[in-house]
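Reader: I have a new model on screen and would like to talk it through. Can you walk me around it, one question at a time?

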Amino acid sequence: MRKGIIIAVLLCLSNIYLIYAQHSLVIRGQIEGVDAGRLYLLVQTAEYKVDTLGAASFQAPDFVLKGCLSEPVVAQIVLEGYQGGFTFLAEPDTDYRALLKNEDGAFIRGGKLQDEWTAYVERSNSLFARIDSLRERYNMFRQQNKYRSASALNDTLKIVEERYEQEKKQFLSAHDDLIAAYMVQMDAMKSDMDIEGLRRLYDSLGEGAKNTLSVRIMKERIDRLEKTEKGRLAPDFTLPDMGGRMVTLSKTQAKIKILDFWASWCGPCRLNNPALKKLYAEYHGKGLEIIGVSLDNKRERWEDAVSKDGLPWINVSSLKGWGCVVARQYNVTAIPALFVLDEKNRIIATHLRGEKLHSFLKERLK
């Protein structure tokens, strides 16, 4: 199950002010659909940290929002009480004009980076709309068995798709700056990219882009993901079990340890428990131990799930849900998530399930 708290929620909840430079920017504009409220100018400053650069109350339709920053950043204007926001490339000592509304036509203009990005997005959207139209006609011809027409249209479609990719490549190569950083950041977020993909993106960037806040945060994520790669020493932790006894990973003795991140509310986790119980019954006597790390935040729900599923292994939890520090240590953004460790607490496998996990244990616990 996908982690429910992502950056958009953090943006809405952030109310901590950070002024880390004396370079100002001003956004003036109008807002539609809300009579009055409060706007915040927010920026992600670390992987799990969002700070407020400025705030202002408004009476529709006009607003003025001011902030301070020391370098170009990807910023977001958020309306208090509403999820989401309006993202733009913010530069120090720059004035912006904006129209904020929850429909087509909203914009933020001003600054070299933002205006170049807006122009590129408009060109790309136009090409993408043409691609969608061509694909729709191509599928229609196929359904009507008009294969000659479909083939001719497919040739045109490929030309437009190549033009779209070429425009993206040329635009990216022309920007060793925040624009390049923002583009790779969006690619990584859209695909929930793994560490190898992140490394490839990072290595493809120039020094200018690497020096932006966005890519520094990406590097922070890469560094953290490396800590739970196969062959690495597993991050140590101590959490309480249901009886209040503190359990430390490194002090738990076993030839093979399985860390199973789960929760009572996670359907796939609960469905996987019977298979894990069979493995535990077969291999516990040969040196297997399982440590179930629950991402529940309600003790009664956690304990009830352990009891109903009859989980005989070590069960621990911080009862902080997705705020669990151990889940962050292990880069757990979706559950179930499983890590296999050897007796020296080195990670020897990840994300094994079913027959693959059984075969893995059978080979090592004879």
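**Cysteines, core and odd backbone spots**

Reader: Let's start with Cys324: buried or exposed?

Author: Bear in mind that this is a predicted model. The relative accessibility of Cys324 is 1%, and the cut-off for buried is under 20%. So Cys324 is buried.

Reader: Which cysteine has the sulfur nearest to that of Cys324?

Author: Cys324 is in no disulfide. Its nearest cysteine sulfur is 14 Å away, whereas a disulfide needs the two sulfur atoms within 2.5 Å. That nearest sulfur belongs to Cys269.

Reader: How many disulfides turn up in the whole structure, and what is the handedness of the one between Cys266 and Cys269?

Author: A search of the whole structure gives 1 disulfide. Cys266 and Cys269 form a disulfide with their sulfur atoms 2.2 Å apart. The torsion about their S-S bond is about 75°, so this disulfide is right-handed.

Reader: And where do those two sit, buried or exposed?

Author: Cys266 has a relative accessible area of 0%, and Cys269 comes in at 2%. Buried means under 20%. So Cys266 is buried, and so is Cys269.

Reader: Nice. What is the angle between helices α8 and α11 where they pack?

Author: Helix α8 covers residues 267-283 and helix α11 covers residues 354-364. Where they pack, their axes are 11 Å apart. From α8 the contact uses Leu276, Leu279, Glu282 and Tyr283, and from α11 it uses Leu357, His358, Leu361 and Lys362. The angle is about 10°.

Reader: How would you describe the orientation of α8 relative to α11, parallel or antiparallel?

Author: The angle between α8 and α11 is about 10°. Angles under 35 degrees count as roughly parallel. So α8 and α11 are roughly parallel.

Reader: Let's go to the nonpolar core. Which residues have the most contacts inside the largest one?

Author: As a rule, nonpolar side chains in soluble globular proteins tend to be buried together. Here the largest nonpolar core has 49 residues. The ones with the most contacts inside it are Phe261, Tyr330 and Val332.

Reader: What does Tyr330 touch, leaving aside neighbours within four places in sequence?

Author: One of its partners is Phe261, which is also listed with Tyr330 among the residues with the most contacts in the largest core. The full set for Tyr330 is Thr228, Ala234, Pro235, Phe237, Leu249, Leu259, Phe261 and Phe339.

Reader: Now the backbone. Which residue pairs are joined by a cis peptide bond?

Author: Most peptide bonds are trans. Pro61 lies in the loop between β3 and β4, and the bond leading into it has omega near 10°. Pro336 lies in the loop between α10 and β14, and its bond has omega of about 5°. The cis pairs are Ala60 to Pro61 and Ile335 to Pro336.

Reader: What are the phi values of Asn331 and Asn345?

Author: Most residues other than glycine have a negative phi. Asn331 is in the loop between α10 and β14 and is buried at 17% relative accessibility. Asn345 is in the loop between β14 and β15, and it is buried at 11%. Neither is a glycine, yet phi is positive: about 55° for Asn331 and about 70° for Asn345.

Reader: What is the side-chain partner of Gln76 in a polar contact?

Author: Gln76 is in strand β5, residues 73-79. With a relative accessible area of 11%, Gln76 is buried. Its side chain makes a polar contact of 3.4 Å with that of Thr87.

Reader: How far apart in space are Asn297 and Ser151?

Author: Asn297 lies in the loop between β12 and α9. Beyond four places in sequence, Asn297 touches Leu319, Lys320 and Gly321. Ser151 is 146 residues away from Asn297 in sequence, and their C-alpha to C-alpha distance is 56 Å.

Reader: Last one, on the whole protein: what share of its residues is buried?

Author: The protein has 11 helices and 15 strands, and its C-alpha atoms fill a box of roughly 65 × 60 × 40 Å along the principal axes. Of the contacts with a separation of 6 or more, 64% come from residues 24 or more positions apart. Out of 366 residues, the buried share is 46%.

Definitions and conventions. Residues numbered from 1 in each chain as written. Predicted model: local features only at pLDDT ≥ 70, side-chain atom pairs only at ≥ 80, totals over all residues. Heavy atoms only, no water. Helix = DSSP H or I, 4+ residues; strand = E, 2+ residues; numbered from the N terminus. Buried < 20%, exposed > 50% of the residue type's maximum accessible area, 1.4 Å probe, protein only. Polar contact = N/O pair within 3.5 Å; in protein donor to acceptor, adjacent residues only side chain to side chain. Core = buried A, V, L, I, M, F, W, Y, C linked by side-chain atoms within 4.5 Å. Contact = heavy atoms within 4.5 Å. Axes fitted to C-alpha atoms, helices over the stretch in contact; angles between N-to-C directions. Parallel < 35°, antiparallel > 145°, perpendicular 65-115°, else oblique.
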